[in-house]
Amino acid sequence: MFQHKLLAGIRTLKTESLANLRDQTRITAIISEIGLAYDSRGPYGDSNRYMNNLGPGLWQVPEQLAQALCLLSELKLRSALEIGTFCGWTASVLTAYLSRFEPQFTMLTVDPLNLFDSYEEIRHLLPLSYRPGCTSNDLTGQSFDLCFIDGDHSYGSCSEDYRIIGQNSRVCMFHDINDWRVGPENVPRFWRELKAREESQESSFHEFNYHSESELVMGIGIRTRRM
Ligand SMILES: C[S@@+](CC[C@H](N)C(=O)[O-])C[C@H]1O[C@@H](n2cnc3c(N)ncnc32)[C@H](O)[C@@H]1O
């Protein structure tokens, strides 16, 4: 029902100038136009009006994702993995966006469930592979320029995803580093400990936690490393 909005957003991302794609205001608007995943609790603050009514969408605070994308656009990423596909909207947007900056860019997204209903159409448009029924355990030994960890948000599972793939990736991005529903003892704790352990001349940490009402909702953390 809302797939046409995702497809329109992909078209925009494929045709917009690179200067506009690096403009946080413009990319926030593109994300908002695509629409956000419906959540009756209305977690997105001012951006609640961009929810796709009772439908799928981006599970993102637009400003957070826009700021993260602008940073990623500078990092010459050629390969990426998303752990936790859900409906595939974020994977689609990441692929459409990052492939504009590196023509050879490819992305893989994995999830134990199979909820990416629009994949049949998307796979003809984007260099995006999808493996339902799969977790980081099935990818041992593989490495990616970017690893986006957004699967099971428990401390243990997040640690495993990082140990198996994230730590070998030049760039590792986490969703929900600042989310009260996820709970401070889960991804937020892992992110805090990772910063304490790895922040150095080689590794930098970036946080995008904007929320119009200053609530602890989602939050994106990116660890970059010179390799
Ligand atoms: C919050 S959703 C992901 C949202 C998606 N990244 C997005 O931005 O739209 C979490 C997803 O992780 C999946 N998941 C749960 N445990 C997982 C695991 N161990 N490995 C990979 N994915 C997992 C769930 O099935 C669910 O679809």
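Modeller: The radius of gyration is taken over C-alpha atoms, and the globule rule is 2.2 Å times the number of residues to the power 0.38. This is a predicted model, in which local features need pLDDT of at least 70 and side-chain atom pairs count only at pLDDT 80 or more, while totals for chains, interfaces and linings use all residues. Residues are numbered from 1 along each chain as its sequence is written, and side-chain values use heavy atoms, with hydrogens and water left out.

Colleague: What radius of gyration does the protein have?

Modeller: The chain has 227 residues, for which a compact globule would come out near 17 Å. The protein agrees with that, at 16 Å.

Colleague: Which helix gives the most residues to the largest nonpolar core?

Modeller: A nonpolar core is a set of buried Ala, Val, Leu, Ile, Met, Phe, Trp, Tyr and Cys residues joined through side-chain atoms within 4.5 Å. The largest one holds 52 residues, and Ile27, Leu72, Tyr97, Met173 and Ile222 touch the most other members. Helices (H or I, at least four residues) and strands (E, at least two) are DSSP runs numbered from the N terminus. With 8 residues, spanning 89–101, the top contributor is helix α5.

Colleague: Is Asn209 buried, partly exposed or exposed?

Modeller: Asn209 sits in the loop between β6 (203–208) and β7 (220–225). Leaving out residues up to four places away in sequence, Asn209 touches Gln64, Ile177, Asn178, Gly219 and Ile220 (contact means heavy atoms within 4.5 Å). Buried means under 20% relative accessible area and exposed over 50%, with partly exposed in between (1.4 Å probe, protein chains only). Asn209 has 24%, so the class is partly exposed.

Colleague: How far is Asn209 from Glu63 in space, C-alpha to C-alpha?

Modeller: In sequence, Asn209 and Glu63 are 146 residues apart. In space, their C-alpha atoms are separated by 8.7 Å.

Colleague: Which residue has a side-chain N or O atom 2.7 Å from a nitrogen atom of the ligand?

Modeller: Of 16 residues around the ligand, those that come nearest are Glu82, Gly84, Thr90, Asp111 and Asp150 (a residue counts if one of its heavy atoms lies within 4 Å). A polar side-chain atom of Thr90 is 2.6 Å from a ligand oxygen, and a side-chain N or O atom of Asp111 is 2.6 Å from an oxygen atom of the ligand. The nitrogen atom is approached at 2.7 Å by Asp150.

Colleague: What share of the ligand's area does the protein bury?

Modeller: Accessible areas come from the Shrake-Rupley method with a 1.4 Å probe; for residues, only the protein chains shown count as cover. Taken alone, the ligand exposes 600 Å². The share that the protein buries is 84%.

Key: A polar contact is a pair of N or O atoms within 3.5 Å; within protein, one must be able to donate a hydrogen and the other to accept it, and residues adjacent in sequence count only if both atoms are side-chain atoms.
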